[in-house]
Amino acid sequence: MRALVIGAEGQLGVEVCRAFAGTELHTADLDGAGHILDVRDHERALDLITREIRPNLVILCAAAHNVPHCEKDPDLAFAVNALGARNSALASHEAGARFVFISTDYVFGDGGTRPYVETDRPAPLNVYAASKLAGEHLVAAQCPNHQIIRTAALYGAAPCRAKGGRNFVENMLHRAATQPEVRVVTDEITTPTHTVALAKQIRLLAEHGEPGLYHATCQGACSWHEFAQAIFEETGTAVNLLPTTSSEFPSPVRRPHYSVLDNAHAREQGLDIMPPWREALKDYLAERAARETRG
Ligand SMILES: NC(=O)c1ccc[n+]([C@@H]2O[C@H](COP(=O)([O-])OP(=O)(O)OC[C@H]3O[C@@H](n4cnc5c(N)ncnc54)[C@H](OP(=O)(O)O)[C@@H]3O)[C@@H](O)[C@H]2O)c1
């Protein structure tokens with residue numbers, strides 16, 4: 001298989017590249033070691049995908065997903081997340097490649113009380129979410145051999161480039177070490193998802209799944225406060241962890257309070273290999289400890 005990962009230097013892209021070891025793997029980013037591609041540049045996307053590489057599989061991990069920035073700059077959000085996805089999907093179709101688009105739990109709105117399945121109606125609350133949903137529609141229109149994979153609350157060894165700095169796990173451990181108390185919200189429910197597990201799921205779906213829309217997060221759900229508690233328990237960190245609510249952090253950007261996804265489509269095909277979120281956290285912490293030992 002000849003695969004192309006776009007956004008290969010991002011938090012998820014790094015692990016997707018690892019998961020596709022053993023294939024003929026090409027990468028593309030705004031800058032860096034691989035091919036150079038700004039997904040907003042339709043001609044460049046066409047040239048790279050249909051003439052330079054001609055892959056069988058394209059996985060688009062690149063996105064503009066700093067949520068507050070997207071809210072302030074909708075033109076950029078739609079240019080990258082909607083038109084950039086369209087450009088990559090159209091070129092993939094021309095090359096005869098399967099196209100995989102990574103999307104988000106944020107396409108769902110407020111009021112949910114049970115995990116969302118793929119047939120539930122999206123109702124995005126912010127510009128980032130609306131631009132990703134527009135990307136989903138454009139991908140489906142341009143490349144029949146597509147997979148749209150919605151995920152949530154990613155963390156992994158590579159940093160999230162859009163958000164900068166530490167992921168949630170590292171942020172919690174840093175705050176516990178430097179602050180007298182750590183306050184975390186109880187009223188946002190999601191499923192923390194380790195990029196290593198998601199990358200393996202993406203490869204399995206890309207190679208064996210039918211085209212269509214998929215949810216892919218770790219199993220189960222928790223509030224950010226429960227996730228923080230699990231991080232401190234698993235690392236034996238002594239900390240004064242206090243519950244709070246999102247009203248303590250007023251923001252101009254609306255976010256869903258409940259955005260848990262059910263991996264129904266993958267499960268129906270016998271292809272849901274995502275681990276429970278707490279097991280995935282243990283894996284992350286074990287890898288982290290091994291990295292620290294190696295120095
Ligand atoms: N992180 C989460 O919690 C989360 C949750 C749900 C869904 N997702 C989705 O998961 C995917 C991967 O997210 P991530 O956390 O890995 O993000 P990330 O670390 O920010 O990586 C995104 C990558 O896209 C690149 N990029 C941005 N604009 C580009 C453009 N115009 N052309 C080409 N590349 C561009 C970035 O390059 P630069 O850094 O050089 O700008 C970066 O390498 C995204 O589709 C995101 O929407 C993420």
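Start with α1 and select its buried residues: what covers them includes β1, β2, β4, β5, β7 (154-155) and α7 (195-208). This is a predicted model. The buried residues of α1 are Q11, L12, G13, V14, E15, V16, C17 and A19. That is eight of the nine residues of α1, so the helix is largely enclosed by the rest of the structure.

Keep α1 selected and add the strands beside it. α1 lies across β1 (2-6), β2 (24-29), β4 (57-60) and β5, and runs at about 165 degrees to β1.

**One residue of α1**

Now pick V16 alone. Leaving out residues up to four places away in sequence, V16 touches V5, I59, C61, A199 and I202. V16 also belongs to the largest nonpolar core, which has 89 residues. V5, I6, V16, V58, I59, L60 and I202 are the residues with the most contacts inside that core. Which helix should be selected next to see the element that gives the most to this core? It is α4, with eight residues. In soluble globular proteins, nonpolar side chains tend to be buried together.

**The ligand**

Select the ligand and the residues that surround it. There are 29 of them, and the closest are G10, A62, A63, R161 and A162. Colour this shell by residue type: it divides into 15 nonpolar, eight polar and six charged residues. Where does the shell come from? α1 (11-19), α4 (74-95) and β5 (98-104) each supply at least two of its residues. The largest share, three residues, comes from α1, the helix whose burial was seen at the start of the tour.

**The seven-stranded sheet**

Hide the ligand and show the strands. Seven of them form an open sheet in the order β3-β2-β1-β4-β5-β6-β11, with parallel pairing. At the edges are β3 (35-36) and β11 (212-215), each of which pairs on one side only.

Zoom in on β5 and β6 within this sheet. β6 covers residues 146-151, runs parallel to β5 and is joined to β5 by six bridges. To see one bridge, select F99 and its partner in β6, H146. Then show helix α5 (residues 127-142), which lies across β5 and β6 and runs at about 160 degrees to β5.

Stay at H146 and add E210. The two are 64 residues apart in sequence, yet their C-alpha atoms are 8.8 Å apart in space. E210 sits in the loop between α7 and β11. Is E210 buried or exposed? E210 counts as exposed because it has 12 C-beta neighbours inside 10 Å, and a residue with 12 or fewer falls in that class.

**A strand with two faces**

Move to β8, residues 182-185. V182 and V184 point to one face and are buried, while R183 and V185 point to the other and are not. In a regular strand the side chains alternate between the two faces of the sheet.

Add strand β13 (residues 241-244), which runs parallel to β8 and is joined to β8 by four bridges. In β13, T244 stands opposite V185.

**Two loop residues with positive phi**

Select R54, in the loop between α2 (42-53) and β4. Its phi is near 45 degrees, a positive value in a residue other than glycine. R54 counts as partly exposed because it has 15 C-beta neighbours inside 10 Å.

Next select A153, in the loop between β6 and β7. A153 is not a glycine either, and has a positive phi of about 40 degrees. A153 has 21 other C-beta atoms within 10 Å and is therefore buried; the cut-off for that class is 20 or more.

**Last stop: D283**

Finish with D283, in helix α10 (residues 277-294). What does D283 touch, not counting residues up to four places away in sequence? Its contacts are H194 and V196. V196 is 87 residues away from D283 along the chain, and their C-alpha atoms are separated by 9.1 Å. D283 counts as partly exposed, because it has 14 C-beta neighbours inside 10 Å.

Methods. Residues numbered from 1 in each chain as written. Predicted model: local features only at pLDDT ≥ 70, side-chain atom pairs only at ≥ 80, totals over all residues. Near = placed C-beta within 6 Å. Nonpolar A, V, L, I, M, F, W, Y, C, P; charged D, E, K, R; others polar. Pairing = 2+ DSSP bridges. Contact = placed C-beta atoms within 7 Å. Axes fitted to C-alpha atoms, helices over the stretch in contact; angles between N-to-C directions. Core = buried A, V, L, I, M, F, W, Y, C linked by C-beta atoms within 7 Å.
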